[in-house]
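Me: I should like to learn how to read the features of a structure that is new to me. May we proceed by question and reply?

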Amino acid sequence: MSDASALPPLTRIEALDTPLVAVDLARVERNIAALQAYCDAHALDNRPHIKTHKLPFIAHLQLRAGARGLTVQTLGEAEVMVASGVRDLLLTYDLVGETKAQRLARLALLADVRVAIDNELALDTVGRAAALSGRRIGVLVEFESGKRRQGVLTPEAARDLALRVQEHPLLDPLGLMTYPSSAEVVAFVARARALFEEAGLPLHVVSAGGTPGMWRAHELTGVTEYRAGTSVYHDRKSLEDGSGTLDDVALHVHVTVVSSPDADRVVIDAGSKVLTSDLLPAGREAGYGLVLEYPEAVVRELSEEHGVLDLRACRARPSLGERLRIVPNHVCPVSNLVDEVALHEGGTLLAMLPVVARGKR
Ligand SMILES: Cc1ncc(COP(=O)(O)O)c(C=O)c1O
């Protein structure tokens, strides 16, 4: 038997250099379990969006907890997930062009891939991928529900596009998809369901998503599947919209105070290259993140490598060389900016995980 006391001590994340993105495994697992339990309680298929973590390790935790499949935004994210052994994916983005069709065809040979579309050019791309691979591909018609991004605008347009999907011998019209999930979803789906029935079209899946509304997804009558991304880590936006608490936040940016030029401010070694330039709805006044140790400090200005903390509202001030932890405003783009994250359990380093799906288009 080996003598544990003879082993070298395990690394603490406080010993790792900053800026550092640290991910708390216990909190991740708790957040995954909470979403799964909610979806199970309300008979919703859980299809988490991997854009938040971009890590196969966490994707497989989500699947093991009971997720029906995963959601990706890009073919590159899908390729990384399929390479790690994921076999059920929804791609929520209009794919256009022959190269994309070829990449989708390769994925369709390895996994059950569904794609959301809102136009005929994207439909042609998915149809071409099905023809190239000889595999059936499920298609969801994306509809607009408040974000004014992708999505057909009316239930009639959704029906017409689904009819076009049905004409293709290898495409299966499965239903509808939208993001985010506002109250508008219910009326849209009810009207679409009547139109689909009239046209003899199946409506097996209605996929909605977004962390801000996740705990009320069951109120969206007609929705069958939910795609939450941010909830795996939560962020300052979650604290604002009430979807998560400070205790649920699983990702922190560790920084060091590197300059203390005057009484009102200090400078940290993390700027927009880690914290991103994303603001809260409250705007610049609320700054670029929440400093856990000094919550009254405002992360006022960011350059690429510098963050300026405005200390005017603080009773105590951080000292030069002090290490701080920051909850980012919006966590998804933070994952996209770092090569690796430090996975830890109570501060003990478990692994430096490469963020393999970062930057993958
Ligand atoms: C299509 C789609 N579905 C789901 C999500 C997940 O949203 P959230 O991170 O708020 O959970 C996103 C986020 O951008 C998205 O674009």
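Me: Is His49 buried or exposed?

Reply: Please keep in mind that this is a predicted model. A residue is called buried when its relative accessible area is under 20%. His49 has a relative accessible area of 7%, so His49 is buried.

Me: Where along the chain is His49 found?

Reply: His49 belongs to the loop between strand E2 (45-46) and H2.

Me: Which residues is His49 in contact with, leaving aside its neighbours within four places in sequence?

Reply: Contact means heavy atoms within 4.5 Å. For His49 the partners are Thr71, Val72, Gln73, Glu77, Thr92, Ala228 and Gly229. With Gln73 there is also a polar contact of 2.6 Å between the side chains.

Me: Which residues of helix H2 are buried?

Reply: Helix H2 spans residues 56-65, and its buried residues include Pro56, Ile58, Ala59, Leu61 and Gln62. Among the elements that cover the buried residues of H2 are helix H1 (25-41), strand E3 (70-72) and helix H3 (75-83). After H2 comes Gly66, which has a positive phi near 125°.

Me: Which residues are closest to the ligand?

Reply: The ligand is surrounded by 14 residues, and the closest are Gln73, Arg149, Thr211, Gly229 and Thr230. Two of these names, Gln73 and Gly229, also appear among the contacts of His49.

Me: How is the ligand approached by polar side-chain atoms of Arg149, Thr211 and Thr230?

Reply: For Arg149, a polar side-chain atom lies 3.0 Å from an oxygen atom of the ligand. In the side chain of Thr211, an N or O atom is 2.6 Å from a ligand oxygen. The side chain of Thr230 likewise has an N or O atom 2.6 Å from an oxygen atom of the ligand. Taken alone, the ligand exposes 400 Å², of which the protein buries 95%.

Me: Where does the ligand sit?

Reply: The ligand is located in the largest pocket.

Me: Let us turn to another residue. Is Thr256 buried or exposed?

Reply: The same cut-off of 20% applies. Thr256 has a relative accessible area of 19%, and therefore counts as buried. Its place is in strand E10, which covers residues 251-262.

Me: Which residues does Thr256 touch, not counting those up to four places away in sequence?

Reply: Thr256 touches Thr18, Val267, Ile268, Asp269, Gly321, Glu322 and Arg323. The side chains of Thr256 and Thr18 are joined by a polar contact of 2.6 Å.

Me: How far apart are the C-alpha atoms of His49 and Asp262?

Reply: These C-alpha atoms are separated by 43 Å, and the two residues are 213 residues apart along the chain.

Definitions and conventions: Residues numbered from 1 in each chain as written. Predicted model: local features only at pLDDT ≥ 70, side-chain atom pairs only at ≥ 80, totals over all residues. Heavy atoms only, no water. Helix = DSSP H or I, 4+ residues; strand = E, 2+ residues; numbered from the N terminus. Buried < 20%, exposed > 50% of the residue type's maximum accessible area, 1.4 Å probe, protein only. Polar contact = N/O pair within 3.5 Å; in protein donor to acceptor, adjacent residues only side chain to side chain. Near = heavy atom within 4 Å. Areas by Shrake-Rupley, 256 points an atom, 1.4 Å probe, with all protein chains shown as cover. 1 Å grid on protein atoms, 1.4 Å probe; cavity = no way out; pocket = protein on both sides within 12 Å on 5 of 7 lines; lining within 4 Å. Sits in = over half its atoms within 2 Å of the grid points.
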